[in-house]
Amino acid sequence: MILFDLKKIISAALVTLTAASGAYADENVNQFGSDPKISDLALIYAGNANRPAWTKEDLTPYVTHTYADGTEDWFFDGFLFLEFYNDDVSFGNGNGKNPALQADWQWLLDQFFAKDHKLDALDRLIEEKKTTLGEPPLRHRVVISCCAPTKQANGNWSRSVWGNAYGKDLRFISQNDRVSAVKWYIDELLSRWEAAGFKNIDLEGVYWIEEGLYTNGEIMAEINDYIHSKDLRSYWIPYYRNNIQYWSGWKDKYGFDMCYIQPNYAFYNNDGNTWPYSLLTETVDAAKSYGMGLELEFETQGKSNALHSVNPTLHQHINDYMDVFDEKGVFDNAGVAYYTGTQGLIHMDKSTDPVDKATIDRMARFVAARQKAKSESASAGDAISDLTPMAVTGDGCITLAPDTCCHDLAGRLLYTGAGSYGCEAGIYIVSDNLGHSMKLIVK
């Protein structure tokens, strides 16, 4: 085994890749993306008045699941707290609203860190559930959305003062000021997290709220570099259709660590019809080709209400997601995020329809099996790390220890996190988050 500077090798390789027109868009990694720490990530929309208060009671059906037979067990291990807008201001994606100013960004952080709600309620709820369920299979981790500089309704950047940071008045008309505003938000988020002193949740990363990068794509790599400098990971969940010009470069061009792709199969299309089953399978295939995870989607309000008693067809789509994810190896190998609308699991939990109960029971069983496997894989990685700090090779495979990742010599990320991964003969680079690296030869 030969140790050397991985950063120099990958940097040189990426220069070569970038020189080839569209190289990042043509890459086929043939491997789903998975997060080293988070197995199943639940989206929690938290902020404006249309959302739940996210007390311990509201969060319970996301933290634990009670099966039809009365058995209770742990549910999601990851939680993404995010918000798009409040009243007439936008935190990202525009939506025809005014750009949120610094005071609005502060307000959103106030919401996330409010006592007895959201993050605080999550931490307290986990502590309570541990008394009856014992320790969870995986440590609970949190991702928090970052506000994105937003254009005015007329499509132009504002010349007005957004706020003051680092001793300077910032205006979104300036690209450098937009970067500074986002850095200020990340600094403020970290300061508040440090002060909160949570016992049962860890801050794993920051989420970019825009699902397309037509507004802020030019600052994305710099923002993600800053997130990495704070020892955090960057997360993104773009939509699939008509968005390949952005999501194809999620890692090499924009620098995200984890990307989940939205099939949007759960919703009606612009013609008022449901999407074909093929949309779901196509999205899964694209995710594997580009090294992404998947989003499982449903909601229980509005036009796309998937409660069984309201719309049996859309309810079946929930099971379609699980069928395809199971058949195509998503549940075995990919990171999965779960969009459940504003309060989908609250509604499902309160439903008296046995079909709703059976569907969420099925989902919870998949999640439980995934987390058990990830926990066991991490334990196996711990045993391996007693022999070697990062990885060992086997017959046509590489077995990684926790908190490690594997690249090929072109600098492309292939595998992350503890586990054994089948691979072709060749030379691979394994690194950890402490700056160590090693070369492995698979014969």
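**Figure 1. Proline 276 sits in a loop of this predicted model.** The loop that holds proline 276 runs between strand S13 (258–261) and helix H9 (277–289). Proline 276 counts as partly exposed, at 42% relative accessibility. Tyrosine 265 is eleven residues away from proline 276 in sequence. In space, the two are 7.6 Å apart, C-alpha to C-alpha.

**Figure 2. A salt bridge joins two residues of helix H5.** The side chains of arginine 124 and aspartate 120 meet at 2.8 Å, N to O. Both residues belong to helix H5 (residues 118–133). They are four residues apart, about one turn of the helix. Are the two partners buried or exposed? Arginine 124 is partly exposed, at 34% relative accessibility. Aspartate 120 is buried, and its relative accessible area is 13%. The cut-off explains the split: buried means under 20% relative accessible area. In the whole structure, a search finds 22 salt bridges.

**Figure 3. Arginine 178 meets glutamate 218 in a salt bridge.** The contact is 2.8 Å, N to O. Arginine 178 lies in helix H6 (residues 175–196), while glutamate 218 lies in helix H7 (residues 217–229). The pair therefore ties together parts that are 40 residues apart in sequence. Arginine 178 is buried, with a relative accessible area of 3%. Glutamate 218 is partly exposed, with a value of 42%. Arginine 178 has another contact to look for: it lies over the face of tryptophan 157. The distance from the ring centre is 4.0 Å.

**Figure 4. Glutamate 222 and lysine 183 form a salt bridge.** Their side chains meet at 3.7 Å, N to O. Which helices does this pair connect? Glutamate 222 is in helix H7 and lysine 183 is in helix H6, so the bridge ties together parts that are 39 residues apart in sequence. Glutamate 222 is partly exposed, at 38% relative accessibility. Lysine 183 is partly exposed too, at 22%.

**Figure 5. Four charged residues are linked in a network of salt bridges.** The members are Arg139, Arg141, Asp202 and Glu204.

**Figure 6. Tryptophan 105 and tyrosine 185 form an aromatic pair.** The whole structure holds 28 aromatic pairs, according to a search. In this one, the ring centres are 5.9 Å apart. The planes meet at 85 degrees, and the pair is edge-to-face. Tryptophan 105 lies in helix H4 (residues 102–112), and tyrosine 185 lies in helix H6. The pair links distant parts of the chain, 80 residues apart. Tryptophan 105 and tyrosine 185 are both buried. Ring pairs also link these two residues into a cluster with Trp157, Trp162, Phe172 and Trp184.

**Figure 7. Phenylalanine 113 and phenylalanine 198 form a stacked pair.** Why does this pair count as stacked? The planes of the two rings are at 15 degrees, and planes under 30 degrees apart count as stacked. The ring centres are 6.4 Å apart. Phenylalanine 113 is in the loop between H4 and H5. Phenylalanine 198 is in the loop between H6 and strand S11 (201–208). The pair links distant parts of the chain, 85 residues apart. Both phenylalanine 113 and phenylalanine 198 are buried.

**Figure 8. Cysteines 146 and 147 are not bonded through their sulfurs.** How many disulfides does the structure hold? The count is zero. For cysteine 146, the closest cysteine sulfur is in cysteine 147, at 6.3 Å. That is too far for a bond, because a disulfide needs two cysteine sulfur atoms within 2.5 Å. Cysteine 146 is buried, at 1% relative accessibility.

**Figure 9. Cysteine 406 is also too far from a partner for a bond.** The closest cysteine sulfur belongs to cysteine 423. The gap from the sulfur of cysteine 406 is 6.8 Å. Cysteine 406 counts as buried, at 0% relative accessibility.

**Figure 10. Three residues make a nonpolar surface patch.** Leu409, Ile427 and Ile441 form this patch of about 250 Å². Isoleucine 441 lies in strand S22 (residues 437–442). Isoleucine 441 is partly exposed, with a relative accessible area of 47%.

Definitions and conventions:
Residues are numbered from 1 along each chain as its sequence is written. This is a predicted model: local features need pLDDT of at least 70, side-chain atom pairs count only at pLDDT 80 or more; totals for chains, interfaces and linings use all residues. Side-chain values use heavy atoms; hydrogens and water are left out. Buried means under 20% relative accessible area, exposed over 50%, partly exposed in between (1.4 Å probe, protein chains only). Patches are made of residues with over 30% relative accessible area and no salt bridge: like charges are joined within 9 Å, nonpolar side chains (Val, Leu, Ile, Met, Phe, Trp, Tyr) within 5 Å. Accessible areas come from the Shrake-Rupley method with a 1.4 Å probe; for residues, only the protein chains shown count as cover. Rings of Phe, Tyr and Trp (its six-membered ring) pair if their centres lie within 6.5 Å; planes under 30 degrees apart count as stacked, over 60 as edge-to-face and the rest as tilted. A charge sits over a ring if NZ of Lys or CZ of Arg is within 6 Å of the ring centre and within 35 degrees of the ring normal.
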